[in-house]
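Visitor: I am new to this structure and should like to understand the terms used for it. May I put some questions once it is on display?

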Amino acid sequence: MPNSSFMIFFFLISIISHSQEMIDEFLSRDSFNCKVDNLKKDFGKNKTIPGEIELECLTALSYYPELKNIEIIFQFGSPVSTMVSRPKLKSIFRSGNKRVYEVIVRKPGTSKNGLEWNELSFNSLIGWIAHELGHIVHYGHKTSGGILFTGIKYGFPGYRRRMERFTDNLVIQHDLGYALFEGTDYCINYSNAKPHYKKYMEKYYLSPTEIKERISSKNFYRVNYDATKIVRIDPIAKS
């Protein structure tokens, strides 16, 4: 068994080096515009995406390779929030990889809640889309009955908070933490969103500070989809 002091030192150094590595994860449109054809080829299969947000959706999808062959329909609509994702009702009783999912993005001026998608930066919009893709990944690990039960439990504030914070953590585990940070920080601290919407975000989702903390230590967590938890790994205990 390695010396405990050494393991603690290694643990701290790993966090610092990983945090530095993630500094460059603010995404720019120019760096992905030139890759759009390859993104379509690699991640556009079974995807329906409006042209206005095609690059952002494809970029977010490129960080979720497990969704490569899943049918997802992105469309504009009038959700009560900025975006929502869900399985299409007609496919809910299929197995996880055969379901059809939809991500509904709020059209400007169609709701009193949430943000306008076109007020978000390229990086921020990817963060919001990545959160919805996290929900789809989570649904893919559930049976049809599990999805229905999740819908019932979501009506209870305690479970809703647990699920949304879990999904934020999934975004971080998929290396889009800084996109999530920018989108969340903008919504809460800089946007013209309604005060009750900002309070809703603060209550149910990771805060900008928590997102940064989780980014710096993401290698020391593992995902437990069945329990809807991100579980801390203790490297000393494991050694």
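Guide: The following exchange takes up several descriptive terms in turn.

Visitor: What kind of model is this, and how many helices and strands are there in the protein?

Guide: The model is predicted. The protein contains 11 helices and six strands. Of its 239 residues, 49% count as buried. Among contacts with a separation of 6 or more, 71% are between residues 24 or more positions apart.

Visitor: Why is helix α5 called roughly perpendicular to helix α8?

Guide: Helix α5 (residues 122–140) and helix α8 (residues 177–189) pack at an angle of about 100°, and their axes are 7 Å apart. Angles of 65 to 115 degrees count as roughly perpendicular, and α5 is therefore roughly perpendicular to α8.

Visitor: Which residues make that contact?

Guide: From α5 come N123, S124, I126, G127 and W128, and from α8 come Y178, A179, L180, E182, G183 and C187. By class, the contact of α5 with α8 has six nonpolar, four polar and one charged residue.

Visitor: What makes G183 count as buried or exposed?

Guide: The relative accessibility of G183 is 0%. Buried means under 20%, so G183 counts as buried. G183 belongs to helix α8 and, leaving aside residues up to four places away in sequence, touches S124 and W128. Between G183 and G127 there are 6.0 Å in space, C-alpha to C-alpha, although the two are 56 residues apart in sequence.

Visitor: Why is helix α3 called oblique to helix α4?

Guide: The axes of α3 (residues 36–43) and α4 (residues 54–61) come within 10 Å and cross at roughly 55°. Roughly parallel requires an angle under 35 degrees, and roughly perpendicular requires 65 to 115. The angle fits neither range, so α3 is oblique to α4. The crossing of α3 with α4 is left-handed.

Visitor: Which residues meet there?

Guide: V36, L39, K40 and F43 of α3 meet E54, L55, L58, T59 and L61 of α4. This contact of α3 with α4 comprises six nonpolar, one polar and two charged residues.

Visitor: How do you know that the buried residues of helix α10 line one face?

Guide: In α10 (residues 208–216), the residues P208, I211, I215 and S216 are buried. Viewed down the axis of α10, the buried residues fall within an arc of 130°, and therefore they line one face of the helix. As a general matter, an α-helix has 3.6 residues a turn, so residues three or four places apart point the same way.

Visitor: Why is R161 called partly exposed?

Guide: R161 has a relative accessible area of 37%. Buried is under 20% and exposed is over 50%; the value lies in between, so R161 is partly exposed. R161 lies in helix α7 (residues 157–173). Not counting residues up to four places away in sequence, R161 touches K203 and Y204. From R161 to Y205 the C-alpha distance is 6.6 Å, with their positions 44 residues apart in sequence.

Visitor: What is said of phi in D175 and in T228?

Guide: Phi of D175 is near 70°, and phi of T228 is near 55°. Each is a positive value in a residue other than glycine. D175 lies in the loop between α7 and α8, whereas T228 is found in the loop between β5 (221–224) and β6 (229–232).

Visitor: How do you know whether T228 and D175 are buried or partly exposed?

Guide: T228 has 4% relative accessibility, which is under 20%, so T228 counts as buried. D175 has 28%, between the cut-offs of 20% and 50%, and therefore counts as partly exposed.

Terms used. Residues are numbered from 1 along each chain as its sequence is written. This is a predicted model: local features need pLDDT of at least 70, side-chain atom pairs count only at pLDDT 80 or more; totals for chains, interfaces and linings use all residues. Side-chain values use heavy atoms; hydrogens and water are left out. Axes are lines fitted to C-alpha atoms, for helices over the stretch in contact, and angles run from 0 to 180 degrees between N-to-C directions. Helices (H or I, at least four residues) and strands (E, at least two) are DSSP runs, numbered from the N terminus. Angles under 35 degrees count as roughly parallel, over 145 as roughly antiparallel, 65 to 115 as roughly perpendicular and the rest as oblique. A crossing is left-handed if the near helix is turned anticlockwise from the far one by less than a right angle, and right-handed if clockwise. Contact means heavy atoms within 4.5 Å. Ala, Val, Leu, Ile, Met, Phe, Trp, Tyr, Cys and Pro count as nonpolar, Asp, Glu, Lys and Arg as charged, and the others, Gly among them, as polar. Buried means under 20% relative accessible area, exposed over 50%, partly exposed in between (1.4 Å probe, protein chains only). The arc is that of the directions from the helix axis to the C-beta atoms.
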